[in-house]
Amino acid sequence: MPDETPAPTPTTETRYKGLAVSPGIVWGPAVLLYADEHIVRKRRIRPEDVSNELTRFEAALLKTRQQITAIRNQMAESIGESDASIFDAHILSLEDSSLIESVKEQVFSRLVNVDFAYEQVVRVYTRKMRELDDDYFRERAADFADVSRRVLRNLQGKAEFELQGMDAPSIVLAHDLSPSDTAGFDRKLVLGIVTEAGSRTSHSAIMARSLNLPAVVGIKGLGRIEPGVEVLVDGYEGLFIIAPSEQTKADYGAREHEHDVVEAKLDELRETLPVTVDQRRITVAGNVELVEDLPLLIEHGAEGIGLVRTEYLFLSEDEFPSEDAQAEIYAQLAQASKPHAVIIRTLDVGGDKKRPHLGIDQEINPFLGFRGIRYSMGRPDLFRTQLRAICRANTDGNVKVMFPMVSDVNEVKFACGMLQEVRAELVAEGVAQPETMDCGVMIEVPSAALIADVLARHVKFFSIGSNDLIQYTLAIDRGNEKVSAMYQPAHPAVVRLLKNVVDAAHASGIWVGVCGEMASDVVLMPMLVGLGIDELSAIPNAIPRIKRAIQALNYEEAKELVGRFVQSETAEANQQELEAIAGRLYPEIL
Ligand code: PEP
Ligand code: MG
């Protein structure tokens with residue numbers, strides 16, 4: 001199989017192999033979401049090419065102006081002149097003469113391609129504007145960023161692509177998708193996702209699974225594909241097929257049917273309990289990104305919600321949701337979880353989860369930067385509002401709260417302290433609060449795992465964020481397809497840390513869950529069961545499989561397995577043993 005799509009796009013069936021990150025099969029027309037800065041490459045040019053580059057620039061500016069004007073006029077007709085005026089601001093940003101002059105000057109003096117020069121200049125401009133503590137300039141920065149994507153697309157000859165304007169169900173192709181891209185998807189229109197970058201635990205993959213969209217990552221050269229051509233995504237085998245033949249589609253139709261038969265059998269497990277053969281009971285809950293995930297969760301028999309990624313509420317809009325808006329959503333989640341619990345995680349922005357209104361600067365190492373609880377501590381106003389909304393939703397006492405990216409006990413003291421203050425404040429305002437409210441921490445930073453005994457004194461539960469814990473322990477970027485093979489959940493170092501966390505928690509009498517993607521991987525079940533994990537919180541459609549795996553396992557035997565894993569030399573040896581056990585005990589769900 002070729003490993004990179006060519007230009008022009010093949011007209012006969014051509015297959016590419018990537019990494020399957022979200023199951024399912026789908027085919028339809030391709031749309032390209034190529035707004036990303038990371039595909040702008042620096043190219044040296046010769047002095048005699050300068051005028052050519054500048055002509056390309058003028059042409060792209062003109063084309064962008066025409067596109068924006070057309071959208072503006074369309075908007076004015078459909079929703080009115082005043083709302084359409086935001087596009088006037090876009091045109092002003094487009095025609096900003098000092099920006100245009102700076103770009104030309106860069107091309108001329110540094111002899112670089114104009115796309116690169118433009119992208120660099122816009123980046124500096126928008127950063128400076130965001131740094132000014134002024135809403136007006138922040139909005140202007142957002143205008144510049146928006147317009148610049150369009151200019152870059154035009155400079156690079158890419159088809160225009162507006163997710164909002166997509167009018168037929170399609171398969172989205174992109175270099176990568178940020179959580180805010182996916183949060184903005186219209187689920188009726190997006191059939192599947194294929195990206196060049198990413199891995200199983202990148203946020204775009206997690207989102208695809210939670211939206212139940214087949215997805216494949218790691219396919220190179222997607223930007224060269226002709227928009228509108230028919231493509232097929234096989235999210236089981238990680239295949240991406242351009243121009244699938246009628247025969248291929250018929251074969252895939254039959255395969256989908258086989259999968260449906262297995263799913264229907266698994267659905268029969270809905271009412272059964274996740275108990276090992278030697279009677280160890282494990283709770284199996286579900287993860288939720290948005291309220292729309294609830295029906296799927298209930299359908300698959302989740303025992304409540306083990307993780308609400310509340311940041312998606314903050315990423316899907318350009319402004320902070322109010323306390324009332326948040327409280328309403330959290331209350332819906334609490335009601336839907338009854339009689340079980342819902343664990344609401346406070347805002348975990350930063351890293352790759354960013355939007356201009358969050359005010360997070362460009363960082364050299366965003367995953368080591370201003371994220372998770374660090375952001376909440378830096379914005380106590382937002383944190384307080386969120387905690388108030390969470391507590392207000394706790395009318396029936398089944399809401400628990402947890403804090404992300406904790407690396408130190410002082411963060412826990414701060415967060416739990418503010419929670420108590422907020423509860424007291426609400427009681428004083430006449431908003432009844434249950435006597436106690438459990439608060440917990442995510443264990444996703446190695447330092448937290450190593451001081452688990454200390455942290456356990458301050459909270460009622462731990463929830464292991466394996467996606468980040470593995471990334472930080474093994475120094476493997478969870479979203480980088482180039483190193484994804486080294487992202488090894490059964491690495492002896494990871495097993496040792498996990499064991500430390502579980503033992504410390506149990507010694508203090510608190511329970512431990514896993515809410516990272518590890519909990520959705522049935523191959524890892526013998527290890528998680530053997531570690532003594534009390535709760536697994538998984539993506540909804542993995543829940544029946546997890547129950548099936550737990551019911552096939554023996555806790556005492558699994559404990560011995562973990563004893564061996566801790567001493568083992570390599571991740572590969574552990575992984576092979578896990579695969580052998582899964583293949584022997586529950587081959588039908590692999
Ligand atoms: C994790 O890190 O495992 C986790 C659940 O958090 P997120 O994937 O949202 O970073
Ligand atoms: Mg995390």
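The following exchange introduces this predicted model through questions and answers.

Modeller: In this predicted model, local features need pLDDT of at least 70 and side-chain atom pairs count only at pLDDT 80 or more, while totals for chains, interfaces and linings use all residues. Residues are numbered from 1 along each chain as its sequence is written, chains are lettered from A and ligands numbered from 1 in the order in which they are written, and side-chain values use heavy atoms, with hydrogens and water left out.

Biologist: Which residues coordinate the magnesium ion (ligand 2)?

Modeller: Donors are N, O and S atoms within 2.8 Å of the metal (3.2 Å for Na, K and Ca), and water is not among the atoms, so sites may look incomplete. At 2.0 to 2.1 Å, an OE atom and an OD atom serve as donors; they belong to Glu 444 and Asp 468.

Biologist: Where in the chain do Glu 444 and Asp 468 lie?

Modeller: Helices (H or I, at least four residues) and strands (E, at least two) are DSSP runs, numbered from the N terminus. The pair links distant parts of the chain, 24 residues apart. Glu 444 is in the loop between strand 13 (439-443) and helix 16 (446-450), and Asp 468 is in helix 18 (residues 466-474).

Biologist: Which helix gives the most to the lining of the largest cavity?

Modeller: On a 1 Å grid over the protein atoms alone, a cavity is a set of points where a 1.4 Å probe fits but cannot get out, and lining residues have an atom within 4 Å of a point. The largest cavity is lined by 16 residues, and those nearest its centre include Glu 444 and Asp 468. Strand 10 (305-309) and helix 18 each supply at least two lining residues. With three residues, the greatest contribution comes from helix 18.

Biologist: Which strands stand at the edges of the open sheet of eight strands?

Modeller: Two strands pair if DSSP finds at least two bridges between them. The pairing is mixed, and the order is 1-8-7-3-4-5-6-2. Each edge strand has a single partner, so one side of it is left without a neighbour in the sheet; these are strand 1 (14-17) and strand 2 (19-22).

Biologist: How many bridges join strand 7 to strand 8?

Modeller: Strand 7 covers residues 230-234, and strand 8 covers residues 239-242. One residue pairing between them is that of Leu 232 with Ile 241. The two strands run antiparallel, and the number of bridges is four.

Biologist: Is Asp 234 buried or exposed?

Modeller: Buried means under 20% relative accessible area, exposed over 50%, and partly exposed in between (1.4 Å probe, protein chains only). Asp 234, in strand 7, touches residues including Gly 24, Tyr 252 and Arg 255 (contact means heavy atoms within 4.5 Å). Because its relative accessibility is 0%, Asp 234 counts as buried.

Biologist: What is the phi of Met 405?

Modeller: Met 405 is found in the loop between strand 12 (399-403) and helix 15 (409-428). At 1% relative accessibility, Met 405 counts as buried. Although Met 405 is not a glycine, its phi is positive, at about 60 degrees.

Biologist: Which residues are joined by a cis peptide bond?

Modeller: The bond has an omega of about 10 degrees. One partner, Pro 339, has its place in the loop between helix 12 (323-337) and strand 11 (342-345). The residues joined are Lys 338 and Pro 339.

Conventions:
On a 1 Å grid over the protein atoms alone, a cavity is a set of points where a 1.4 Å probe fits but cannot get out, and a pocket is an open set with protein on both sides within 12 Å along at least five of seven lines; lining residues have an atom within 4 Å of a point. Lists of a residue's contacts leave out its neighbours within four places in sequence.
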